[in-house]
Every structure is written in structure tokens, then in C-alpha cells.
Amino acid sequence: MLQLMSVCKNFGGLPALGHVSFQVPHGRVTALIGPNGAGKSTLINCITGVLSATSGSVLFKGKEIAGQPAHAISRLGISRTFQNLRLFPRLSVLDNVLTGLTCEGGQSMAMAMLRLPYLRHRERQLKLRALEALDRFGLSDKSSWPAGVLAYGDKKRVELARATVGQPDLLLLDEPVAGLNGEETFVVGEQLKHLRRAGHTLLLVEHDMDLVMRIADQVVVLDSGRCIAAGTPEEVRRNPLVLEAYLGRMEAVA
Amino acid sequence: MMSARDKCIYFISLHRTGLTVSLLTAALLLYPLYEDNPYTLGITNLIAINTMVVLGLNLFIGYTGQISLGHAAFFGLGAYGSAISTATYGLSPWPAMLLVALLVGLVALLIGVPILRLSGHYLAMATLGFNFVVHSVLLEWDEMTGGPSGFSGIPYLGVGDFSFDNEVRLHYLLWGFTLMGLLLSLNLVRSGVGRGLAALAEDETAAAALGVNTRNAKIKVFVLSAVMASIAGSLFAHCYTFISPDSFGIFTSTDMVIMVVVGGMGSIWGSLFGAGLLTLLPEVIGIFETYKDFVHGIILVLVLMFLPQGLVTGLVDMVRVRLALRRREAQ
Ligand SMILES: Nc1ncnc2c1ncn2[C@@H]1O[C@H](COP(=O)(O)OP(=O)(O)OP(=O)(O)O)[C@@H](O)[C@H]1O
Ligand SMILES: [Mg+2]
């Protein structure tokens with residue numbers, strides 16, 4: 001589904017990603033792990049067009065997407081969440097989720113200004129879908145609140161609802177459970193499993209190893225911008241390079 | 001089962017926008033019956049013209065998160081465009097107005113494509129520069145524009161033998177246009193496209209990741225706002241039959257921005273309020289006449305210090321947040 005080939009990204013000459021290559025197979029959960037500063041978020045930003053890769057190629061369903069603008073990539077069916085929440089704090093929770101359906105909401109400003117009946121009809125349908133998504137994440141009773149006032153855990157869930165409401169082909173999640181407590185983490189884990197069962201393809205960046213081991217089919221390990229291992233969770237867990245990347249850091253810190 | 005009262009409340013909340021627009025339309029239809037003083041009508045007519053410019057500018061500021069300190073230039077191009085094409089070249093006013101609006105839209109597109117790559121201070125300065133250029137051209141090119149002494153002899157608008165030549169008739173003409181602008185703007189912001197724009201105003205990166213073509217959206221709204229300002233300018237010219245460059249300098253641009261700020265970023269109804277309040281202030285309180293720019297400056301600073309989203313929007317936001325927080329506590 002998604003194929004990265006030798007993706008490089010430099011920030012002012014300093015390499016953040018060096019020749020990263022791996023595949024995200026269709027219908028599976030691929031976890032991307034690695035110590036802090038390994039380049040995981042940078043990689044997600046390069047895939048989604050928030051940053052443009054310095055070199056290398058990204059194929060989505062066999063088509064080159066590297067270098068395309070973010071909105072075009074989103075319209076191909078790739079959706080994402082951000083590590084540092086990026087909700088629209090002044091919009092209502094419902095409107096936040098509705099922005100996840102932007103691609104289906106029509107593009108013509110002229111039509112929108114005329115408020116033609118077909119648009120009103122479509123708007124009602126989108127609203128129903130957004131309400132359903134809110135219901136799935138247990139946020140129905142807060143749909144009219146401005147998103148800015150929500151508690152942290154709720155904000156995380158609104159972002160998940162926004163990313164999933166459009167039924168994207170590929171979902172990139174940057175640390176969806178960071179900052180959540182054990183119970184909330186479990187609930188999100190179940191929701192991710194549910195998404196996988198429904199046939200979604202996920203690329204999951206996560207530090208929570210329990211969650212990764214529980215739901216990932218494949219794990220890719222990044223260290224200092226290089227892909228040092230890939231395989232099933234079991235294989236990766238026993239890989240000496242991975243142990244070193246993690247333990248080496250800890251010793252250096254200790 | 002819903003009681004009759006609940007049903008009534010539900011109906012009102014469902015159709016609140018339509019109902020408000022209808023009420024406003026009715027009030028404006030009846031207004032000249034109750035108020036026939038031409039001076040007062042002149043002021044409310046000016047509110048209509050200002051509202052039209054402020055609506056467009058507020059779409060640009062509040063729904064793309066950008067800034068323009070040059071909208072008086074589009075307003076002026078509309079006014080002089082109509083004046084020159086009708087009085088000098090004898091075009092008939094309605095087609096001239098349309099043609100001028102198209103041309104001004106084209107100008108906005110041509111300058112929008114390069115300058116909307118900028119943002120913040122840089123964009124503010126670029127639009128300000130554009131206003132300076134247009135203003136100097138209006139002043140210097142006397143053969144065409146009449147220079148500093150202005151341009152007179154602009155014909156009234158009319159339909160057949162009927163001519164919009166007194167305050168009451170102009171009231172219906174101007175408010176007709178303003179209501180149409182208001183309705184189109186309300187439709188836009190309540191649509192899916194409008195939601196994408198609201199997202200763009202809050203967080204450009206997130207909006208782009210959700211599929212909003214941020215660059216195009218900014219340019220489109222900029223052009224739309226320029227066209228609205230141009231139409232308002234044409235009406236202004238045909239309403240007063242005399243125009244001079246004074247009306248289209250950078251202070252007019254900043255006044256428009258202050259009206260947006262008082263109305264609140266992204267508030268369509270607020271635009272009406274902001275334009276109304278700031279047009280009325282100097283009339284209601286005499287000393288404002290002399291210290292107008294000073295007072296406007298103070299208002300701008302105070303509102304932005306305490307309510308960065310603008311007065312109306314800021315207050316509405318505050319109430320919404322209070323209510324939501326109270327419900328959050330209650331849970
Ligand atoms: N915009 C930027 N400009 C310069 N350097 C950057 C930028 N963004 C990231 N970096 C650098 O790139 C490296 C990778 O950062 P990145 O955020 O991708 O790490 P990460 O794997 O997501 O870490 P974490 O687990 O802490 O989220 C870091 O050394 C960081 O300092
Ligand atoms: Mg990160």
C-alpha cells in the first residue's frame with residue numbers, strides 16, 4: 001500500500017532521515033518505533049506532505065506522492081493525527097470532526113455561496129457521519145463544546161475521530177496514546193484493533209511497547225534517522241541492534 | 001413527546017439564521033416609512049456601503065487568517081472604475097459595474113498570487129504598499145481621475161426611467177446589495193467549504209493535512225473580498241455622484257480593519273455591527289468627529305489587547321467557553 005524508498009530529509013544540512021526504506025502492507029498495522037529524536041515524526045511529515053523529503057520516493061498504491069502538497073495527499077486517502085494535538089480550538093467538537101470530511105464537502109465556493117439543495121442534503125449526511133464517529137469515541141454529549149475546553153484525553157479522541165471519520169485508506173497515527181492513563185490507553189488500543197478489523201491500514205508511531213506488541217503485525221525500528229530493523233514484534237524484540245539502540249541510550253542517560 | 005413550546009424553540013434554533021435575515025429584511029423595508037430625514041438615511045446608507053466592504057474583508061481576515069491593509073484600494077478602483085467608464089466613456093452604469101468588478105477581481109488575482117505567499121507583517125506591508133500605489137495614481141493621473149480635487153458628474157443608477165437619486169431610493173438599492181452580500185457570506189461560512197476556511201484560519205498545517213487547498217483558498221477569498229469592495233465602491237460613486245482620492249487612502253483601509261476587529265474575526269453578523277458602530281460613532285458623539293483617528297486607534301488597541309478575536313467574536317467565544325466549562329464541572 002505504502003512503499004518508502006530511500007527517503008532522506010535534511011534540516012539545514014543536518015540529516016534527520018537517512019535512506020529510510022520499508023513497506024506498509026495493506027490491511028495491517030505497522031508500528032514505527034525508536035528512541036526520542038529518531039525521526040519518526042519527521043518521517044510522517046514527509047509522507048503527508050507537511051515537509052518535503054530531500055530525496056527518495058514515496059509510493060502510495062503504486063503512485064509517487066513525494067513532493068505533492070499536503071492537501072493533495074490527503075485527498076488520495078491518507079489521513080493522520082499529530083503528535084502535538086492540532087485541533088481547531090474555537091470550532092465545536094462536531095465541526096472539528098466534520099473537517100475530517102473536507103474532501104467530501106464540495107470544493108466550489110460559488111456553489112457554497114448559493115447553498116443549493118444538493119449541498120444542504122450532503123451537509124446533513126456528513127453531519128450524521130460525524131455524529132456517528134463522535135458516538136464511537138464516546139463524545140456525543142460534548143459535540144457542541146468548543147474543542148479548546150476539552151480535557152486532554154478527550155482532545156486526543158477528537159483527533160482520532162477526525163482522522164478516521166473519512167474512512168481513509170491509510171491512517172498515520174503519531175503517538176495516539178501519549179499522555180493517556182492505562183485505562184484510556186486500553187480503550188484506544190481496542191479502537192485501533194477495531195479499525196484494523198474493519199480493513200484499515202495503519203502506521204502507528206508509539207513509545208508504549210505494550211500497545212505496540214498487542215496490536216502491531218509488523219514493527220519498524222528507526223534510530224538516528226536510519227531504519228535499523230523490521231519484522232514481527234517477536235523478531236524485533238529479540239533483535240540485538242534494537243536492544244542496543246534502546247539500552248545504549250539508557251546507559252548513556254544513567 | 002415534545003411540547004408545543006419545545007417545538008417552537010427547536011424550530012427557532014434550527015432556522016435562526018433564516019429568521020434573523022428575514023427580520024432584518026423586514027425592518028429595513030419598513031425603516032424609511034418611520035425615518036424620512038435624509039441626513040439620517042444618508043448615514044444608514046453609508047453603513048450599508050461600509051458593511052459590504054467589511055463583509056468581504058472579514059471573510060479574508062476571519063476565514064483565512066490573513067491580513068489586508070489595502071482594501072480601500074479595491075474600493076477606490078471600483079468607485080473610479082465606475083465613474084470613469086460611465087461619466088467619461090458613457091458606458092451604462094450596470095454593465096460598467098459588472099465589468100469593473102471583474103477587472104478588480106483580476107487585479108486582486110494578479111497581486112494575490114505573489115503576495116499571498118507572504119503572511120503576517122509582510123503581507124500587511126505588501127497590501128499597504130498596494131494601497132499607496134493606487135492612491136497615488138488616483139491623485140496624480142489628473143486627466144483621468146480629476147486628481148486631488150476629485151471626480152464629479154457621475155450619473156445615478158437607475159432602471160428604465162426610474163433613477164436612484166434620493167436617500168430613500170438609495171436606501172433600498174444599497175441595503176438590497178448589502179443583504180445579498182450578507183446572505184451569500186452566511187451561506188459560504190455555513191457550508192463545508194466555509195468549514196475548511198475556518199479550519200485554515202485556525203491552523204494552516206492541520207487544515208492542509210485534512211485536504212484544504214490552503215494556497216488556493218487564500219487567493220479565492222482575497223479575490224472575492226476585492227470584488228465585494230469593488231461593487232461597494234461602484235455603488236459609493238453612483239450614490240454620491242462625486243468622489244475624491246481622500247476616501248480611498250490607507251486610513252480608510254485601517255478603518256475597515258477596525259470595523260472587522262470590532263465586529264470580530266469571522267463573524268458575519270459582527271461585520272454589520274462593526275460597520276454600524278464605527279460609522280455611527282462620530283455622528284452620535286460630536287467630539288469623535290475631530291479625534292476620529294485617535295479614537296479608532298484606541299478602540300483597536302483595547303479590543304485586541306483584551307479580545308484578540310475581536311469584540312463580538314471574543315465575547316461570544318467567552319460565553320461558549322464558560323458554558324462548556326460549567327457543564328464539564330457538572331459531569
Ligand atoms: N523543523 C525542524 N527543524 C530542525 N530540526 C528538526 C525539525 N524537526 C525535527 N528536527 C530534528 O529532527 C530530529 C528528529 O525529530 P523527530 O521529531 O522526527 O523525532 P521523533 O522520532 O518523532 O521523536 P519523539 O519520539 O520525541 O517524538 C530531531 O533531532 C529534531 O531535533
Ligand atoms: Mg515525534
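User: Is Asp203(B) buried or exposed in this model?
Analyst: The model is predicted, and the answer is a computed one. Asp203(B) lies in the loop between α9 (192-202) and α10 (204-209) of chain B. Its relative accessible area is 12%, and the limit for a buried residue is under 20%. Asp203(B) is therefore buried.

User: Which residue forms a salt bridge with Asp203(B)?
Analyst: The pair crosses between chains, and the partner sits in the loop between β6 and α3 of chain A. This partner is partly exposed, at 28% relative accessibility. The closest N and O atoms are 2.7 Å apart, and the residue is Arg86(A).

User: Which residue of chain A meets Arg195(B) in a salt bridge?
Analyst: Three salt bridges are counted between chain A and chain B. In the one with Arg195(B), the N to O distance is 2.7 Å. The residue on the side of chain A is Glu123(A).

User: How many salt bridges does a search of the whole structure find?
Analyst: The count between chain A and chain B is three. The search of the whole structure takes in all chains, and its total is 16.

User: What area is buried between chain A and chain B?
Analyst: The size of an interface is often given as the accessible area lost when the parts come together. Here the contact takes 39 residues from chain A and 35 residues from chain B. Carbon and sulfur atoms give 60% of the buried area, which is about 3500 Å².

User: Which residues in chain A lose the most area to chain B?
Analyst: The area buried between the two chains is about 3500 Å². On the side of chain A, three residues together give 23% of what that side buries. They are Arg90(A), Met109(A) and Met113(A).

User: How many residue pairs are in polar contact between chain A and chain B, and how many residues of the side of chain A are charged?
Analyst: The polar contacts number 16 residue pairs, both residues being at pLDDT 80 or more. On the side of chain A that touches chain B, α2 (70-75), α3, α4 (109-114) and α5 (117-136) each supply at least two residues. The residues of that side divide into 18 nonpolar and eleven polar, and the charged ones number ten.

User: Where is Thr313(B), and which residue of chain A is among its contacts?
Analyst: Thr313(B) is in helix α16 (residues 311-330) of chain B. With a relative accessibility of 8%, Thr313(B) counts as buried. Apart from neighbours within four places in sequence, its contacts include Gly263(B), Gly264(B), Met265(B) and Ser267(B). The contact from chain A is Arg90(A).

User: How are Asp317(B) and Arg320(B) placed in helix α16, and which residues join them in one network?
Analyst: Asp317(B) and Arg320(B) form a salt bridge, with the closest N and O atoms 3.7 Å apart. The two residues are three apart in helix α16 of chain B, so about one helical turn separates them. Asp317(B) is buried at 14%, while Arg320(B) is partly exposed at 27%. Salt bridges that share partners join this pair into one network with Arg90(A).

User: Which residues coordinate the magnesium ion (ligand 2)?
Analyst: The coordinating atoms are an OG and an OE1, at 1.9 to 2.1 Å. One residue is in helix α1 (residues 40-48) of chain A and the other in the loop between β6 (78-80) and α3 (93-98), 42 residues apart. The residue in α1 is partly exposed at 22%, as is the one in the loop at 29%. The residues are Ser41(A) and Gln83(A).

User: What is phi of Arg115(A), and what is phi of Gln167(A)?
Analyst: Most residues other than glycine have a negative phi. Arg115(A), in the loop between α4 and α5 of chain A, has a positive phi near 50°. Gln167(A) is in the loop between α6 (152-164) and β7 (170-174) of chain A. Gln167(A) is not a glycine either, and its phi is positive, about 50°.

User: Is Gln167(A) buried or partly exposed?
Analyst: Exposed means over 50% relative accessible area, and buried means under 20%. Gln167(A) has a relative accessibility of 48%, so it counts as partly exposed.

Definitions and conventions. Residues are numbered from 1 along each chain as its sequence is written. Chains are lettered from A and ligands numbered from 1 in the order in which they are written. This is a predicted model: local features need pLDDT of at least 70, side-chain atom pairs count only at pLDDT 80 or more; totals for chains, interfaces and linings use all residues. Side-chain values use heavy atoms; hydrogens and water are left out. Donors are N, O and S atoms within 2.8 Å of the metal (3.2 Å for Na, K and Ca); water is not among the atoms, so sites may look incomplete. Helices (H or I, at least four residues) and strands (E, at least two) are DSSP runs, numbered from the N terminus. Buried means under 20% relative accessible area, exposed over 50%, partly exposed in between (1.4 Å probe, protein chains only). Contact means heavy atoms within 4.5 Å. Buried area is the accessible area (1.4 Å probe) that two parts lose on being put together, summed over both. A salt bridge is a side-chain nitrogen of Lys or Arg within 4 Å of a carboxyl oxygen of Asp or Glu. A polar contact is a pair of N or O atoms within 3.5 Å; within protein, one must be able to donate a hydrogen and the other to accept it, and residues adjacent in sequence count only if both atoms are side-chain atoms. Ala, Val, Leu, Ile, Met, Phe, Trp, Tyr, Cys and Pro count as nonpolar, Asp, Glu, Lys and Arg as charged, and the others, Gly among them, as polar.
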